[in-house]
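This report considers a single protein model, with attention to its charged pairs, its metal site and its nonpolar regions.

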Amino acid sequence: MAAKKPAAKTNVSGEELQKFYREMLLIRRFEEKAGQLYGMGLIGGFCHLYIGQEAVVVGLEAAAEEGDKRITSYRDHGHMLACGMDPNGVMAELTGREGGYSKGKGGSMHMFSKEKHFYGGHGIVGAQVPLGAGLAFADKYKGNGRVTFTYFGDGAANQGQVYETFNMAALWDLPVVFVIENNQYAMGTAQQRSTSSPDIHTRGESFGIPGEAVDGMDVLAVKDAGERAVAHCRKGKGPYILEVKTYRYRGHSMSDPAKYRTREEVQKMREERDAIDHVRQLLIDGKHASEDDLKAVDKEIKAIVSASADFAKESPLPAAEELWTDIYAEAT
Ligand SMILES: Cc1ncc(C[n+]2csc(CCOP(=O)(O)OP(=O)(O)O)c2C)c(N)n1
Ligand SMILES: [Mg+2]
């Protein structure tokens with residue numbers, strides 16, 4: 001069943017807009033820096049950038065409360081930064097250094113933070129979806145009122161395990177928000193080539209899970225929808241689906257020939273729908289910030305990001321003995 005969708009709130013404060021601007025810009029600049037470090041050979045293996053999709057996590061984190069959980073796919077750096085993980089630790093992990101969140105042994109797709117309730121980082125498409133329901137099951141069992149945000153892509157939404165999970169989540173009224181980040185592509189496959197019905201938010205209908213489509217390039221609309229979803233879960237009404245329509249500007253990963261879409265298509269989204277430009281305009285038009293104020297924020301964010309790159313470069317590689325730690329549980 002498609003849920004009723006009121007218009008996005010317009011009475012947002014200047015302070016909140018500034019927060020959104022800052023948080024989205026941090027993700028964008030961080031990802032740009034990661035792309036540079038990858039090009040320099042300082043990051044190895046897989047690396048999937050989130051540039052273009054920033055409003056999704058920033059909007060949803062604004063709807064979250066302390067103790068709520070999040071779990072996502074391999075396109076995960078934005079989620080980490082949005083929930084407050086330290087850019088230094090994330091960059092150090094990307095570069096495989098000791099100071100990283102997984103001591104340099106996990107890399108881009110395998111970072112976790114107990115403190116921030118971030119449960120990864122998963123390289124197997126769709127694998128995080130049943131895990132997300134499991135986290136929500138634990139919270140329901142404990143009766144602690146927490147909600148789990150379980151993020152996955154439009155491609156992952158075609159996987160069987162997603163529907164097994166929908167069934168159980170609905171059956172047990174689990175407090176889980178299924179966030180489908182529909183960036184219109186799964187690697188090089190456009191949604192219309194892989195998906196029989198484009199309205200992925202209606203996929204919960206046969207399980208009785210409400211769903212709605214959200215403009216993922218508008219952080220205010222995302223937050224608004226996130227609040228509806230979270231309220232539904234916290235009332236004990238079970239899961240909720242948000243299909244957040246977004247777009248990735250960069251390739252699927254750092255090794256993407258980009259032959260499946262035109263440059264013009266990407267350029268058009270950047271020019272007409274960019275989520276950061278949108279908030280920038282709201283700040284200026286509403287006289288919440290001047291061009292100079294925003295320049296100062298840009299400078300501050302650049303400094304945080306370059307400090308994270310310096311921290312990463314200065315952090316040593318993991319010692320050889322580390323190969324034998326964190327593999328098996330210690331014998332008790
Ligand atoms: C089970 C599984 N099958 C295939 C792959 C290879 N693969 C990695 S990402 C991806 C596309 C997923 O697209 P989507 O869910 O839309 O997420 P996006 O990359 O757009 O964020 C595929 C097929 C994989 N990692 N795991
Ligand atoms: Mg996708």
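Which side chain meets that of aspartate 326 in a salt bridge? The partner is lysine 103, with an N to O distance of 3.1 Å. The model in which this pair is found is a predicted one.

## A long-range salt bridge

Aspartate 326 is placed in the segment after helix H11 (291-314), while lysine 103 belongs to the loop between helix H4 (87-94) and H5; the pair therefore ties together parts that are 223 residues apart in sequence. The two partners can also be described by their accessibility. Aspartate 326 counts as exposed, at 55% relative accessibility, and lysine 103 counts as partly exposed, at 34%.

## Other salt bridges

The structure holds 23 salt bridges. One of them joins the side chains of arginine 29 and glutamate 32 at 3.0 Å, N to O. These residues are three apart in helix H1, so about one helical turn separates them. Arginine 29 is partly exposed, its relative accessible area being 24%, and glutamate 32 is likewise counted as partly exposed, at 26% relative accessibility.

A further bridge is formed by the side chains of glutamate 243 and lysine 245, again given as an N to O distance, of 3.1 Å. Glutamate 243 counts as buried because its relative accessibility is 0%, under the 20% limit for that class. Lysine 245, by contrast, has a relative accessible area of 35% and is partly exposed. Salt bridges also link Glu65, Asp68, Arg146 and Arg234 into a network.

## The magnesium site

Which protein atoms serve as donors to the magnesium ion (ligand 2)? They are supplied by Asp154 (OD), Asn183 (OD1) and Tyr185 (O), lying 2.1 Å from the ion. Along the sequence, the donor residues follow the spacing D-x28-N-x1-Y. Aspartate 154 sits in the loop between strand S2 (148-153) and helix H6 (160-171), whereas asparagine 183 sits in the loop between strand S3 (176-182) and strand S4 (185-186). This pair is 29 residues apart and links distant parts of the chain. Aspartate 154 and asparagine 183 are both buried.

## Nonpolar cores

The largest nonpolar core comprises 68 residues, among which Met24, Val177 and Leu242 touch the most other members. Helix H1 (residues 14-39) is the element that gives the most to this core, contributing 10 residues. A second core, separate from this one, has 17 residues, including Ala136, Ala157, Phe178 and Ile241.

Which residues does methionine 24 touch, when those up to four places away in sequence are not counted? Its contacts are Glu54, Ala55, Val58, Val219, Ala275, Ile276 and Val279.

## A nonpolar surface patch

Phe137, Tyr141, Met168, Leu171 and Trp172 make a nonpolar patch on the surface, with an area of about 600 Å². At least two residues of the patch come from helix H5 (128-142), and at least two from H6.

Phenylalanine 137 is located in helix H5. Is this residue buried or partly exposed? Phenylalanine 137 is partly exposed, because its relative accessible area is 39%, a value that lies between the limits of 20% for buried and 50% for exposed residues.

Methods
Residues numbered from 1 in each chain as written. Chains lettered and ligands numbered in written order. Predicted model: local features only at pLDDT ≥ 70, side-chain atom pairs only at ≥ 80, totals over all residues. Heavy atoms only, no water. Core = buried A, V, L, I, M, F, W, Y, C linked by side-chain atoms within 4.5 Å. Buried < 20%, exposed > 50% of the residue type's maximum accessible area, 1.4 Å probe, protein only. Helix = DSSP H or I, 4+ residues; strand = E, 2+ residues; numbered from the N terminus. Contact = heavy atoms within 4.5 Å. Donors = N, O, S within 2.8 Å, 3.2 Å for Na, K, Ca; no water. Patch = residues over 30% accessible without salt bridge, like charges linked within 9 Å, V, L, I, M, F, W, Y side chains within 5 Å. Areas by Shrake-Rupley, 256 points an atom, 1.4 Å probe, with all protein chains shown as cover. Salt bridge = Lys/Arg side-chain N within 4 Å of Asp/Glu carboxyl O.
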